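Hi,

Here is the structure I said I would pass on. Have a look first, and my notes follow below.

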Amino acid sequence: MGQIASTPLWQLGNRDLVARLTAVHRRILRDYAEYFAILSEVDGQGTAYELGYGNTAALLVHTQNISRSEANQRIAQATALHDVKTPTGAVIEASLPLTAAKLAAGEISVGQVEVIRKFVGSLD
């Protein structure tokens with residue numbers, strides 16, 4: 001893969017292009033898994049309040065340049081995927097730990113995480 005990575009894209013054959021595309025996609029999914037783990041911790045620790053924000057969504061809107069609805073969706077996903085230890089020490093268990101593992105492995109997309117989260121939420 002090292003040779004392919006240094007080769008200009010226009011020189012790659014179709015199979016190599018698809019292999020490169022797939023590798024980047026899996027890396028993006030693993031990065032999203034890490035993002036959600038960090039976001040879960042930020043939300044659980046009350047980091048937004050410590051930094052002067054009204055809530056975690058406001059922090060994301062300001063620092064990530066995303067809409068409030070997208071911020072709320074990301075927080076909901078992070079909370080579903082990861083255990084959260086609150087500032088009081090209580091632990092809120094993740095409702096979708098297996099989904100978190102699949103995302104970290106690059107086997108499912110963030111869109112699929114959202115579909116699973118909504119479906120599981122509808123069962124309550």
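Before anything else, keep in mind that this is a predicted model. I'll start with the chain as a whole. A compact globule of 124 residues would have a radius of gyration near 14 Å, whereas this chain comes out at 18 Å. The C-alpha trace spans about 55 × 35 × 25 Å along its principal axes.

As for secondary structure, the chain holds seven helices and two strands. Reading from the N terminus, the order is α-α-α-α-α-β-β-α-α.

Some totals you may want at hand:

- Buried residues make up 30% of the 124 in the chain.
- About 8,000 Å² of the chain is exposed, with 57% of that coming from carbon and sulfur atoms.
- Side-chain charges come to 11 positive and 12 negative, and the centres of the two sets are 9 Å apart.
- If you take the contacts between residues at least 6 apart in sequence, 42% of them join residues at least 24 apart.

Now to helix 5, where I spent a good part of my time. It covers residues 68-81, so to speak 14 residues in all, and runs 20 Å from the first C-alpha to the last, close to the 20 Å expected at 1.5 Å a residue. Which of its residues are buried? Ala-71, Arg-74, Ile-75, Gln-77, Ala-78, Ala-80 and Leu-81 are. The cover over these buried residues includes helix 2 (14-45), helix 4 (56-64), helix 6 (97-104) and helix 7 (110-122).

Thr-79 is also in helix 5. With a relative accessible area of 30%, Thr-79 falls between the 20% and 50% cut-offs, so it counts as partly exposed. Leaving out residues up to four places away in sequence, Thr-79 touches Asp-43 and Ala-94. There is also a pairing with Ala-37 to look at: Thr-79 and Ala-37 are 42 residues apart in sequence, with 8.7 Å between their C-alpha atoms.

Just ahead of that helix there is a backbone detail worth a click. Asn-65 sits in the loop between helix 4 and helix 5. Its phi is near 55 degrees, which is a positive value in a residue other than glycine. For context, most residues other than glycine have a negative phi. Is Asn-65 buried or exposed? Its relative accessibility is 72%, over the 50% cut-off, so Asn-65 counts as exposed.

Further along, Leu-96 is in the loop between strand 2 (91-92) and helix 6. Although it is a loop residue, Leu-96 is buried because its relative accessible area is 6%, under the 20% limit. Again leaving out residues up to four places away, what does Leu-96 touch? The list is Ala-80, Leu-81, Ile-116, Arg-117 and Val-120. Two of those names, Ala-80 and Leu-81, are also among the buried residues of helix 5. Leu-96 and His-82 are 14 residues apart in sequence, and 7.5 Å separates their C-alpha atoms.

Thr-99 belongs to helix 6. A relative accessibility of 10% is under 20%, so Thr-99 counts as buried. Its contacts, with residues up to four places away not counted, are Leu-81, Ile-108, Val-113 and Ile-116. Leu-81 and Ile-116 turn up in the Leu-96 list as well, so to see both sets of contacts you can centre the view on that pair.

Last one: Ser-109, in the loop between helix 6 and helix 7. Ser-109 has 23% relative accessibility, which lies between the two cut-offs and therefore makes it partly exposed. Ser-109 touches Leu-29 and Leu-103, once residues up to four places away are set aside. How far apart are the C-alpha atoms of Ser-109 and Leu-29? They are separated by 6.5 Å, while the two residues are 80 apart along the chain.

That is what I have for now.

Cheers

Notes. Residues are numbered from 1 along each chain as its sequence is written. This is a predicted model: local features need pLDDT of at least 70, side-chain atom pairs count only at pLDDT 80 or more; totals for chains, interfaces and linings use all residues. Side-chain values use heavy atoms; hydrogens and water are left out. Helices (H or I, at least four residues) and strands (E, at least two) are DSSP runs, numbered from the N terminus. The expected span of a helix is 1.5 Å times one less than its number of residues. Buried means under 20% relative accessible area, exposed over 50%, partly exposed in between (1.4 Å probe, protein chains only). Contact means heavy atoms within 4.5 Å. The radius of gyration is taken over C-alpha atoms; the globule rule is 2.2 Å times the number of residues to the power 0.38. Accessible areas come from the Shrake-Rupley method with a 1.4 Å probe; for residues, only the protein chains shown count as cover. Lys and Arg count as positive and Asp and Glu as negative; His and the chain ends are not counted. The place of a charge is taken as NZ of Lys, CZ of Arg, CG of Asp or CD of Glu.
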